[in-house]
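Student: I should like to request a close look at a single part of this model, together with the setting in which that part is found. Please give one connected account.

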Amino acid sequence: KSVHIGSDNTWGTSLETRWYLYRLLGLREPEGVESTLALDYFSKRGVGAGAEIEYQKKDYYGRALGYLINDSGEDRLGRMSSRHDLKPENELRGRFAWEHRQYLPYNWQLTAGIDYQSDEHFLEGFYRNEYNIGLHETYVHLKKAQDNWAVSLLGKGRINDFRDELEEMPSAEYHLTGQSLFDNKFTLYSDSTIGRLRQRIGDEHPVYISQEQF
């Protein structure tokens, strides 16, 4: 699919290649599926490999990706000296992410996501744009919207111990919009939420809040 060659102080000489995954496997790609294999070499970091699969059918769509690298280098994440030369605890680093949306009968909709990272700095170092704007959570969200009302359930938990994250275990919402009362003499708008929340502080992060409140 593509080849990129470059060189800089962080990665050294780099060779990044993208391939048609199904063709390499000798398979015909199913309709609605697009897959890519990544094979990379960085002289100051190591050899990395991964895959990305996007799929879309009538009732669902989603995206899954994974990447692993035997990283022998150090992260350089910013201009401040404290963000230079950060040595990862383990050389084997990577991530796995999956996002899926399913349209169910009776106007129900299910959305789920998983985001696992090997360490705190991997995503920022290797996927800077995604780190800045992406959603990095593990969750299950079920909702139904019909006429002028909607109901939803959200469960969200932390699987990366280094992250600061507010867990929802779970939360429920009910919304009612523009409901006529007493032959249109009154109109009701209602938003109700109930949930159990827990604030999780990442390992080795300073605690700025009282955890006893959650």
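Tutor: The account below begins with the chain as a whole, turns to strand 10 and the loop after it, and ends with the pockets.

The model is a predicted one. Its chain holds 3 helices and 11 strands, and along the sequence these follow the order β-β-α-β-β-β-β-β-α-α-β-β-β-β. The radius of gyration is 22 Å, whereas a compact globule of 214 residues would have one near 17 Å. Taken along the principal axes, the box filled by the C-alpha atoms is roughly 75 × 55 × 25 Å. Buried residues make up 30% of the 214 in the chain. Among contacts with a separation of 6 or more, 46% come from residues 24 or more positions apart.

Strand 10, the part chosen here, spans residues 165-181 and includes Pro170. The peptide bond that leads from Met169 into Pro170 is cis, and its omega is near -15 degrees. Glu168 also belongs to strand 10. Is Glu168 buried or exposed? Its relative accessibility is 17%, and buried means under 20%, so Glu168 counts as buried. The side chain of Glu168 is joined to that of Ser171 by a polar contact of 2.6 Å. Once neighbours within four places in sequence are set aside, the residues in contact with Glu168 are Leu154, Gly155, Lys156, Arg196 and Leu197. Strand 10 thus offers two local features for inspection, the cis bond from Met169 to Pro170 and the polar contact between Glu168 and Ser171.

Beyond strand 10, the chain enters a loop that runs to strand 11 (186-200), and Asn184 lies in this loop. Asn184 has a positive phi of about 70 degrees, although it is not a glycine. Its relative accessibility is 60%, and exposed means over 50%, so Asn184 counts as exposed. A second residue with a positive phi is Tyr106, at about 60 degrees, and Tyr106 is not a glycine either. Tyr106 is placed in the loop between strand 6 (92-103) and strand 7 (108-117). With a relative accessibility of 70%, Tyr106 counts as exposed.

The pockets complete the setting. The largest pocket has a volume of about 470 Å³. It is lined by 20 residues, of which Glu89, Ser118, Asp119, Glu120 and Phe162 are the closest to its centre. Strand 6 and strand 7 are the elements that give two or more residues to this lining. By type, the lining of the largest pocket divides into 9 charged, 6 nonpolar and 5 polar residues.

The second largest pocket holds about 330 Å³ of space. Its lining consists of 17 residues, and the closest to the centre are Arg18, Ala38, Asp40, Tyr67 and Tyr127. Two or more residues of the lining come from each of strand 2 (12-20), strand 3 (33-42), strand 4 (46-56) and strand 5 (60-70). In the second largest pocket the lining divides into 8 nonpolar, 6 charged and 3 polar residues.

Methods
Residues numbered from 1 in each chain as written. Predicted model: local features only at pLDDT ≥ 70, side-chain atom pairs only at ≥ 80, totals over all residues. Heavy atoms only, no water. Helix = DSSP H or I, 4+ residues; strand = E, 2+ residues; numbered from the N terminus. Buried < 20%, exposed > 50% of the residue type's maximum accessible area, 1.4 Å probe, protein only. Polar contact = N/O pair within 3.5 Å; in protein donor to acceptor, adjacent residues only side chain to side chain. Contact = heavy atoms within 4.5 Å. 1 Å grid on protein atoms, 1.4 Å probe; cavity = no way out; pocket = protein on both sides within 12 Å on 5 of 7 lines; lining within 4 Å. Points joined across faces, edges and corners; volume = space filled by probe spheres on them. Nonpolar A, V, L, I, M, F, W, Y, C, P; charged D, E, K, R; others polar. Rg over C-alpha atoms; globule rule 2.2 N^0.38 Å.
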